Amino acid sequence: MRYAPSVSSPANFFSRLGRRCAASGAGAALILAVMIAPSMGGAPDRAPAARSAGCDKPARTGTFSLATQDGNKTARSYLVQIPADYSPSRPYALVFVFHGAGGNSAQSHGWGLQNAVGASSSGIFVFPDGIAFQREGIGWDDRNDGYDLPLFDHMLQDLEAGYCIDPDRVFVAGFSWGGDFAMALACNRGDEIRAVAANSTNDEYQDKSNYLTYRDLPCPTHQHPPVRFEHALGGDAEYPPPYFATTSKLFQYFNSCSGASTPVRSSSAVMSCVSFNDCKSEYIECSFDHRLGHALPPNWAQDTWDFFSAQST
């Protein structure tokens with residue numbers, strides 16, 4: 001199942017995202033991937049950041065398009081936002097924001113993760129453009145042998161070569177189909193990713209009640225990254241029960257968590273969050289009022305950035 005959020009402008013980003021089907025009859029989703037700069041507001045001092053090959057090279061700033069190839073050697077475009085005060089001697093974060101089916105980089109840029117407090121000056125944000133996947137419309141190939149995992153690799157390699165990046169801080173976030181791809185990255189590229197924020201995902205199970213039937217298992221990742229998983233309580237119209245419960249079990253499996261959890265702070269009265277106990281890597285799950293539907297909850301951008309920032313120390 002692929003479903004796309006409908007967002008008319010950044011101003012209504014936190015309103016309910018209506019369902020918008022692609023021409024093929026399928027819907028869509030969103031992905032975001034993020035690397036965060038070494039200096040973030042409120043973060044304690046840490047060891048000197050790792051530096052990519054692009055450090056100390058002059059580089060263009062602002063918002064503009066670049067291109068690379070995917071695993072099929074198809075030319076692919078992506079939008080980048082470089083801080084206005086970019087310093088080539090300072091290792092920055094790299095933030096990939098993957099849109100939903102039928103969307104494009106302008107749409108994902110409009111969702112505003114880069115506008116969270118402290119984000120725009122601390123990270124380089126990347127908004128790739130998806131292409132048609134089989135008969136399901138514009139989106140992402142989240143199979144472990146698909147063409148979009150190499151797309152991620154090539155964007156990461158190109159940007160590390162051209163900009164000063166801290167390679168130890170790669171963060172991935174996704175919504176709906178984009179969340180499916182975020183999970184695929186956690187499974188297949190988790191050793192390169194510092195943390196993942198997945199939202200309203202996943203439907204990639206042979207048996208929707210059994211997380212061990214997840215399509216990409218077994219994962220080649222040796223150390224799964226911390227995860228923040230947000231979704232409507234129980235399920236929504238596009239990902240009905242038990243998909244979210246099964247996805248939560250999969251994340252617990254990835255991060256070797258016990259079944260017990262502890263309540264943690266939520267920024268919104270419509271959402272409650274727990275942190276699972278005894279995990280090798282942190283796993284936080286947040287469920288919001290089901291009446292919000294298949295949507296990103298209030299404060300999603302700031303909550304996501306704060307989660308990533310907390311993993312940067």
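Which strand does valine 97 lie in?

## Valine 97 in its strand

Valine 97 is placed in strand 6, a strand made up of residues 92-98. The model described here is predicted, and in it valine 97 has a relative accessibility of 1%, so that it counts as buried. In sequence, valine 97 is separated from leucine 79 by 18 residues, while in space the C-alpha atoms of these two residues are 9.4 Å apart.

## Threonine 68 and its surroundings

Strand 4, which covers residues 62-69, includes threonine 68. With a relative accessibility of 12%, threonine 68 falls under the 20% limit and therefore counts as buried. Its side chain makes a polar contact of 3.0 Å with the side chain of aspartate 158.

If the neighbours within four places in sequence are left aside, the residues in contact with threonine 68 are Thr74, Ala75, Arg76, Tyr78, Leu151, His154, Met155 and Asp158. Aspartate 158 thus appears both in this list of contacts and as the partner in the polar contact.

## Disulfides

Four disulfides are found when the whole structure is searched. One of them links cysteine 55 with cysteine 164, at a sulfur-to-sulfur distance of 2.0 Å, and with 80 degrees about the S-S bond this link is right-handed. Because cysteine 55 belongs to the loop between strand 3 (30-34) and strand 4, and cysteine 164 to the loop between helix 2 (148-162) and strand 10 (165-175), the pair ties together parts of the chain that are 109 residues apart in sequence. Cysteine 55 counts as buried at 9% relative accessibility, and cysteine 164 counts as buried at 0%.

Another disulfide is formed by cysteine 187 and cysteine 219, whose sulfur atoms are 2.0 Å apart; here the torsion about the S-S bond is -110 degrees and the link is left-handed. Cysteine 187 is located in helix 3 (residues 177-188), whereas cysteine 219 is in the loop between strand 11 (195-199) and strand 12 (227-232), so this pair ties together parts that are 32 residues apart in sequence. Cysteine 187 is buried at 0% relative accessibility, and cysteine 219, at 19%, also counts as buried, since the limit for that class is under 20%.

## Strands 13 and 14, and the disulfide at strand 14

Strand 13 (residues 261-264) and strand 14 run antiparallel and are joined by four bridges. The two strands form a hairpin, with six residues between them, and within this pairing proline 263 stands opposite valine 274 of strand 14.

Strand 14 also carries one end of a disulfide, for cysteine 273 lies in strand 14 (residues 271-276) and cysteine 286 in strand 15 (residues 283-288), so that the pair ties together parts that are 13 residues apart in sequence. The sulfur atoms of cysteine 273 and cysteine 286 are 2.1 Å apart, and the torsion about their S-S bond is about 110 degrees, so the disulfide is right-handed. Cysteine 273 and cysteine 286 are both buried. When the bonded cysteines of the protein chain are numbered in sequence order, the pairing reads 1-2, 3-4, 5-7, 6-8.

## Aromatic rings

A search of the whole structure yields 21 aromatic pairs. The geometry of such a pair is described by the distance of the ring centres and the angle of the planes. For tyrosine 205 and tyrosine 214, the centres are 6.0 Å apart and the planes stand at 55 degrees, so this pair is tilted; tyrosine 205 and tyrosine 214 are both buried. For tyrosine 239 and phenylalanine 244, the centres are 6.0 Å apart and the planes are at 15 degrees, so this pair is stacked. Tyrosine 239 is buried, with a relative accessible area of 0%, and phenylalanine 244 counts as buried at 1% relative accessibility.

These four residues belong to one aromatic cluster, formed by Tyr205, Tyr214, Phe229, Tyr239, Tyr243, Phe244, Phe251, Phe254, Phe276 and Tyr283. Elsewhere in the model, the ring of phenylalanine 64 has the charged end of arginine 60 sitting over it, at 4.1 Å from the ring centre.

Terms used:
Residues are numbered from 1 along each chain as its sequence is written. This is a predicted model: local features need pLDDT of at least 70, side-chain atom pairs count only at pLDDT 80 or more; totals for chains, interfaces and linings use all residues. Side-chain values use heavy atoms; hydrogens and water are left out. Rings of Phe, Tyr and Trp (its six-membered ring) pair if their centres lie within 6.5 Å; planes under 30 degrees apart count as stacked, over 60 as edge-to-face and the rest as tilted. Buried means under 20% relative accessible area, exposed over 50%, partly exposed in between (1.4 Å probe, protein chains only). A charge sits over a ring if NZ of Lys or CZ of Arg is within 6 Å of the ring centre and within 35 degrees of the ring normal. A polar contact is a pair of N or O atoms within 3.5 Å; within protein, one must be able to donate a hydrogen and the other to accept it, and residues adjacent in sequence count only if both atoms are side-chain atoms. Contact means heavy atoms within 4.5 Å. A disulfide is a pair of cysteine sulfur atoms within 2.5 Å. Two strands pair if DSSP finds at least two bridges between them.
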